[in-house]
Amino acid sequence: MFIDEAKIRVKAGDGGNGCMAFRREKFVPRGGPSGGDGGKGGDVIMESSERHNTLIHFRFNPEYKAQRGRHGEGSNKTGREGVDVLLKVPVGTIVYDDETGEKVFDFSERDQRIVIARGGRGGRGNARFATSVHQAPREHEPGRPGEEHTYRLELKLLADVGLVGYPNVGKSTLISRISAARPKIADYPFTTLEPNLGVVAVGEAKDEVSFVVADIPGLIEGAHTGAGLGTQFLRHIERTRLLVHRKSMLRIRTGWRSSNGIARSRRSSCMRSRLSRARGSRN
Ligand SMILES: Nc1nc2c(ncn2[C@@H]2O[C@H](COP(=O)(O)OP(=O)(O)OP(=O)(O)O)[C@@H](O)[C@H]2O)c(=O)[nH]1
Ligand SMILES: [Mg+2]
C-alpha cells in the first residue's frame with residue numbers, strides 16, 4: 001500500500017524538577033545546599049532516509065512521545081536526560097504544522113535532520129541559588145514542559161520526468177522498458193493505482209547519467225472533480241523537470257470509450273469495480 005499523507009502528534013519529554021537538599025554528613029556541619037538540577041526532556045527528531053518509501057508507518061502509529069528528564073537528586077546529582085525519539089521519513093516528505101498550515105521543513109535529500117519537538121529544560125536545584133548572602137536557599141524550579149505539536153506529513157516523490165496521459169495508453173509499459181521498474185501492465189484502464197518510480201541509466205558505464213521517471217495513475221476528463229482516481233497523484237509530478245504526455249494512436253482513431261477492442265459494457269463495469277476497489281483501498 002502506498003501512503004502519501006499522514007498526520008502525527010508528537011510530544012517531547014518534560015524536563016525533570018530541580019531538587020531541594022542539604023548536605024548532611026558526620027563532621028561536616030552546615031554542609032550547604034546540594035540539590036541537583038533536573039535532566040532535560042528528550043527531543044523528537046525527524047530524519048530523511050532512503051530506506052523508507054511511504055508514510056505508512058505513521059498511519060498505523062501516529063503518536064510519539066519522548067522520555068522525560070529525571071528529577072535532580074541530593075548530593076548535587078543532576079537528573080538523567082530523556083532519550084530522544086527518532087522518526088524516519090522518506091526523502092520528498094514535506095512537514096506542515098497542522099494548526100497553522102505553515103510549512104516546517106522539506107526533506108529534499110537523505111540524512112537531513114530536524115528537531116520537531118524540543119524537550120523541556122530541567123529545573124535548577126537549590127544548590128544553584130546559593131550566594132554569599134543567601135547560603136541556605138530553599139528555592140528550586142520545576143522542569144519545563146516539552147513541546148507538543150501536530151504535524152501533517154505529505155510525501156511528494158522526487159522524479160525528474162513525469163509520465164502523464166489517459167488510462168491504458170502505455171505509461172507503465174514505457175517505464176518498464178526504459179528502467180528496471182516492473183509495474184503492473186494490463187489491457188484495462190486504471191491498472192496503476194499508485195505511483196511507480198524507475199531509474200533510467202543512459203550512456204556507457206564511465207560517463208553514465210541517470211534520471212528518475214515517475215509513472216502515475218491515468219487521468220480522465222473531469223479528474224479535477226474526482227472522476228477516475230482524481231488528481232491527488234499529480235503532486236508527485238509537481239516537481240519534475242519534464243512531463244511526458246503519452247497518447248495512444250488507437251485511441252485517437254477510435255475514441256477513448258471503445259479503445260482496445262473491449263466491449264463498452266464489459267469495459268465500463270470492469271472499470272467501475274476497479275475504481276470502487278481503488279477508492280476503498282485509499283480510504
Ligand atoms: N499497440 C501497442 N500497445 C501498447 C503499447 N504500449 C502499451 N501497450 C499496451 O497497452 C495496454 C496498457 O498498457 P499500460 O502500460 O498498462 O497502460 P497505462 O497507461 O499504464 O495504464 P493505466 O495504468 O491503467 O493508466 C497493455 O496491454 C500494453 O501491452 C504500444 O506502444 N503499442
Ligand atoms: Mg499504468
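The legends below accompany close-up views of a predicted model.

**View 1. The five-stranded open sheet with strand order S3-S1-S8-S5-S6.** The pairing in this sheet is mixed, and its edge strands are S3 and strand S6 (103-106), each of which pairs on one side only. Neighbouring strands here are turned by 25° against each other on average, direction ignored. Strands S1 and S8 pair in the antiparallel sense over seven bridges, and within this pairing Val-10 stands opposite His-149 in S8. Strand S5 (residues 93-97) also runs antiparallel to S8, to which five bridges join it, with Thr-93 standing opposite Leu-155 in S8. Towards the S6 edge, S5 and S6 are paired in the antiparallel sense over three bridges, and Ile-94 has Asp-106 in S6 as its opposite residue.

**View 2. The three-stranded open sheet with strand order S4-S2-S7.** This sheet, too, has mixed pairing. Strand S4 (85-90) and strand S7 (113-117) stand at the edges with a single partner strand each, so one side of each is left without a neighbour in the sheet. The average turn between neighbouring strands of this sheet is 30°, direction ignored. Strand S2 (residues 44-49) pairs with S4 in the parallel sense over six bridges, and Ser-48 can be located opposite Val-89 in S4.

**View 3. The largest nonpolar core, with 30 residues.** Val-44, Ile-116, Leu-153 and Ala-214 are the members that touch the most other members of this core. Two or more residues are given to the core by each of strand S1 (5-11), S2, S4, S7, strand S8 (148-155), strand S9 (161-164) and strand S11 (209-215). The core draws at least three residues from domain 1 (1-155) and at least three from domain 2 (161-282).

**View 4. The surroundings of ligand 1, with 16 residues around it.** Among these residues, Gly-170, Ser-172, Thr-173, Thr-192 and Gly-218 come nearest to the ligand. By residue class, the shell around ligand 1 divides into seven nonpolar, seven polar and two charged residues. Thr-192 is located in the loop between helix H2 (171-178) and strand S10 (196-202), and this residue counts as buried because it has 24 C-beta neighbours inside 10 Å, where 20 or more are required. The C-alpha atoms of Thr-192 and Gly-218 are separated by 7.5 Å, although the two residues are 26 residues apart along the chain.

**View 5. Two loop residues with positive phi, Phe-27 and Asn-76.** Most residues other than glycine have a negative phi, and against that background two loop positions are shown here. Phe-27, which is not a glycine, has a phi near 65° and is placed in the loop between S1 and S2. Phe-27 is exposed, because 4 other C-beta atoms lie within 10 Å and the limit for an exposed residue is 12 or fewer. Asn-76, likewise not a glycine, has a positive phi of about 60° and is found in the loop between strand S3 (63-65) and S4. With 18 C-beta neighbours inside 10 Å, Asn-76 counts as partly exposed.

Methods:
Residues numbered from 1 in each chain as written. Chains lettered and ligands numbered in written order. Predicted model: local features only at pLDDT ≥ 70, side-chain atom pairs only at ≥ 80, totals over all residues. Pairing = 2+ DSSP bridges. Helix = DSSP H or I, 4+ residues; strand = E, 2+ residues; numbered from the N terminus. Axes fitted to C-alpha atoms, helices over the stretch in contact; angles between N-to-C directions. Near = placed C-beta within 6 Å. Nonpolar A, V, L, I, M, F, W, Y, C, P; charged D, E, K, R; others polar. Core = buried A, V, L, I, M, F, W, Y, C linked by C-beta atoms within 7 Å. Domains from an automatic or database assignment.
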